[in-house]
Amino acid sequence: MDLHIPAGMTVGILGGTGSAKSSLVQLIPRLYDATIGTVKVGGVDVRQYDVEKLREEVAMVLQKNVLFSGTIKENLRWGDPNATDEEMQRVCRLAHADEFIQTFPDGYDTYIEQGGSNVSGGQKQMVNLASVMAMAPEVLILDEPTSMLDPLAARNLLQAVKRINRELGVAVILCEHRLEEVFQDADRVIVMDKGQICRSGSPRQVAAELEQELED
């Protein structure tokens with residue numbers, strides 16, 4: 001596999017269960033280390049970074065993120081313990097979280113139950129997204145973040161990601177199993193199968209190739 005993602009690009013990675021798309025992106029923040037070849041961030045082998053520094057630069061939002069018992073502020077400061085109220089509001093506006101937070105009687109001081117049981121799945125993902133953006137990462141990886149969301153919540157989350165990419169120039173890697181989730185927002189789509197890239201191109205190009213394959 002040979003893959004280069006320029007800064008500021010949004011890349012969608014598609015693939016079914018067992019395609020290794022999650023394994024691929026987990027090599028970037030060194031949740032695993034490659035045994036063959038090299039993974040680089042900013043042209044530097046990830047094994048040469050301090051792990052803590054690397055994971056500040058490469059943030060991840062997973063499909064089953066959880067919130068901790070405590071206020072929304074306390075959850076947001078998990079990304080940056082020193083974040084000011086103004087900084088937290090800024091990242092929440094980027095993540096489309098500020099709008100619903102402001103509807104709570106206690107706003108950012110609203111208490112979140114264990115696991116975020118008193119907020120919706122979409123709201124939970126928005127707060128998680130805002131929390132990782134408080135770290136000011138250079139790379140944002142989203143590993144099937146919409147799989148447990150309803151269509152409206154999924155669309156809102158992807159719109160927030162698009163806004164972050166456009167306004168901050170963060171490189172976005174979006175792993176999904178459906179083309180529809182990345183079609184509107186990706187600059188490039190990669191399709192994986194059994195640990196290999198089997199297709200690569202613009203969303204329209206990949207969609208046309210997959211449609212032709214189904215017809216054949």
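Let me begin with helix 1, which contributes three residues to the lining of the largest pocket and thereby gives the most to it of any element. Please keep in mind throughout that what we have on the screen is a predicted model.

The space in that largest pocket comes to about 960 Å³. Its lining is made up of 34 residues, and those closest to the centre are Leu3, Ile28, Thr38, Val39 and Lys40. If we go by elements, those that give two or more residues to this lining are helix 1, which spans 21–26, strand 2, at 40–41, and strand 8, at 171–176. As for the chemical character of the lining of the largest pocket, 20 of its residues are nonpolar, ten are polar and four are charged.

Let me turn to the second largest pocket, for which the computed volume is about 470 Å³. Here 21 residues form the lining, and nearest the centre we find Met60, Asn65, Trp78, Val132 and Met135. Two or more residues of this lining come from each of strand 4, at 58–62, and helix 6, at 121–133, and strand 4 gives the most, with five residues. The lining of the second largest pocket divides into 14 nonpolar residues, five polar ones and two charged ones.

Strand 4 also brings us to the sheet, and I would like to ask which strands stand at the edges of it. The sheet is an open one of six strands, with mixed pairing, and the order is 4-7-8-1-9-10. Strand 4 and strand 10, the latter at 196–201, are the edge strands, and because each has a single partner strand, one side of each is left without a neighbour in the sheet. From one strand to the next, the twist averages 20°.

Within the sheet, I will pick out one pair, namely strand 1, residues 10–14, and strand 9, residues 188–193, which run in the parallel sense and are joined over four bridges. In this pair, Gly12 stands opposite Val189 of strand 9. Helix 6, for its part, packs on the sheet, where it touches strand 4 and strand 7, the latter at 139–143, and the direction of helix 6 makes about 170° with that of strand 4.

To bring the two topics together, strand 4 and helix 6 are in contact where the helix packs on the sheet, and these two elements each give two or more residues to the lining of the second largest pocket. Strand 8, which has its place in the order of the sheet, is among the elements that give two or more residues to the lining of the largest pocket.

How values were computed: Residues numbered from 1 in each chain as written. Predicted model: local features only at pLDDT ≥ 70, side-chain atom pairs only at ≥ 80, totals over all residues. Heavy atoms only, no water. 1 Å grid on protein atoms, 1.4 Å probe; cavity = no way out; pocket = protein on both sides within 12 Å on 5 of 7 lines; lining within 4 Å. Points joined across faces, edges and corners; volume = space filled by probe spheres on them. Nonpolar A, V, L, I, M, F, W, Y, C, P; charged D, E, K, R; others polar. Pairing = 2+ DSSP bridges. Axes fitted to C-alpha atoms, helices over the stretch in contact; angles between N-to-C directions. Contact = heavy atoms within 4.5 Å.
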